[in-house]
Amino acid sequence: MSSKRIQISPSILSADMARLAEQAQLVERAGADLLHVDVMDGRFVPNLTVGLPVVRALAGCCSLPLDVHLMIVEPDRWVEQFAAAGAAIVTVQAEATFHLYRTLQSIRQAGARPAVALNPATPP
């Protein structure tokens, strides 16, 4: 029997951006384990969302670890900056980097925990 505990990581995409700090604090008080931040550049995926300033602001207003999911072109250029901005976990898309192992190493070296996401059509 597995002893792994389910973790809850609400996404800020469902938040009212005009009240983001308040809503981040609300999910923290409700018992969330992490706060999920989808960073989309409008190139790797068609949507455009938040960036470094929002990650910095969230890191300053709540104590939840930030799970920052980089759905961007050339994530290698940005992992150090997102870790410095407050990302506890930096998730990169396997399809967005040529040298995934190096990208994961750079995330670790920047002080964050690395994670990998796959597009649905990508085999594990």
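**Helices, strands and a few residues in a predicted model**

Let me begin with Leu 66, which is buried, with a relative accessible area of 1%, where buried means under 20% relative accessible area, exposed means over 50% and partly exposed is what lies in between, using a 1.4 Å probe and protein chains only. Before going on, I should say that this is a predicted model, in which local features need pLDDT of at least 70 and side-chain atom pairs count only at pLDDT 80 or more, while totals for chains, interfaces and linings use all residues. Residues are numbered from 1 along each chain as its sequence is written, and side-chain values use heavy atoms, with hydrogens and water left out.

Leu 66 is found in strand 2, and here helices (H or I, at least four residues) and strands (E, at least two) are DSSP runs, numbered from the N terminus. If we leave aside its neighbours within four places in sequence, Leu 66 is in contact with Leu 35, Val 55, Leu 58, Ala 59, Gly 86, Ala 87, Ala 88 and Ile 89, contact meaning heavy atoms within 4.5 Å. One of these partners, Val 55, is 11 residues away from Leu 66 along the chain, and the C-alpha atoms of the two are separated by 7.9 Å.

Val 55 takes us to helix 2, where Leu 52, Val 55 and Leu 58 are buried. Seen down the axis of helix 2, these buried residues fall within an arc of 130°, so they line one face of the helix, the arc being that of the directions from the helix axis to the C-beta atoms. On the other side of helix 2, Pro 53 and Gly 60 are exposed. What do the buried residues of helix 2 pack against? They pack against helix 1, strand 1 (35-40), strand 2 (66-71), helix 3 (79-85) and strand 3 (87-93).

Let us look at the pairing with helix 1 in detail. Helix 1 (residues 20-29) and helix 2 (residues 52-61) pack at an angle of about 50°, with their axes 10 Å apart; the axes are lines fitted to C-alpha atoms, for helices over the stretch in contact, and angles run from 0 to 180 degrees between N-to-C directions. That angle makes helix 1 oblique to helix 2, since angles under 35 degrees count as roughly parallel, over 145 as roughly antiparallel, 65 to 115 as roughly perpendicular and the rest as oblique. On the helix 1 side, Leu 20, Ala 21, Ala 24 and Gln 25 meet Val 54, Leu 58 and Cys 61 of helix 2. The residues of this contact divide into six nonpolar, one polar and no charged, with Ala, Val, Leu, Ile, Met, Phe, Trp, Tyr, Cys and Pro counted as nonpolar, Asp, Glu, Lys and Arg as charged, and the others, Gly among them, as polar.

Within helix 1, the buried residues are Leu 20, Gln 23 and Ala 24. They cover an arc of only 105° around the axis, which puts them on the same side of helix 1. What covers them includes strand 1 and helix 2, and after the helix comes Gly 31, whose phi is positive, near 105°.

Helix 4 (residues 100-109) can be described in a similar way, its buried residues being Thr 103, Leu 104 and Ile 107. These residues cover an arc of only 100° around the axis, which puts them on the same side of helix 4, whereas Tyr 101, Arg 102 and Gln 109 are exposed on the other side. The cover over the buried residues of helix 4 includes helix 3, strand 3 and strand 4. Helix 4 is followed by Gly 111, which has a positive phi, near 95°.

Which residue has a positive phi although it is not a glycine? That is Glu 74, with a phi of about 55°. Most residues other than glycine have a negative phi. Glu 74 lies in the loop between strand 2 and helix 3, and at 39% relative accessibility it counts as partly exposed.

To finish, I turn to two further residues. Thr 91 is found in strand 3, and at 10% relative accessibility Thr 91 counts as buried. Leaving aside neighbours within four places in sequence, Thr 91 is in contact with Asp 67, Val 68, His 69, Leu 70, Ala 115, Val 116 and Ala 117. Asn 119, by contrast, lies in the segment after strand 4 (113-117) and counts as partly exposed, at 30% relative accessibility. With the same neighbours set aside, Asn 119 is in contact with Phe 44, Gln 93 and Glu 95.
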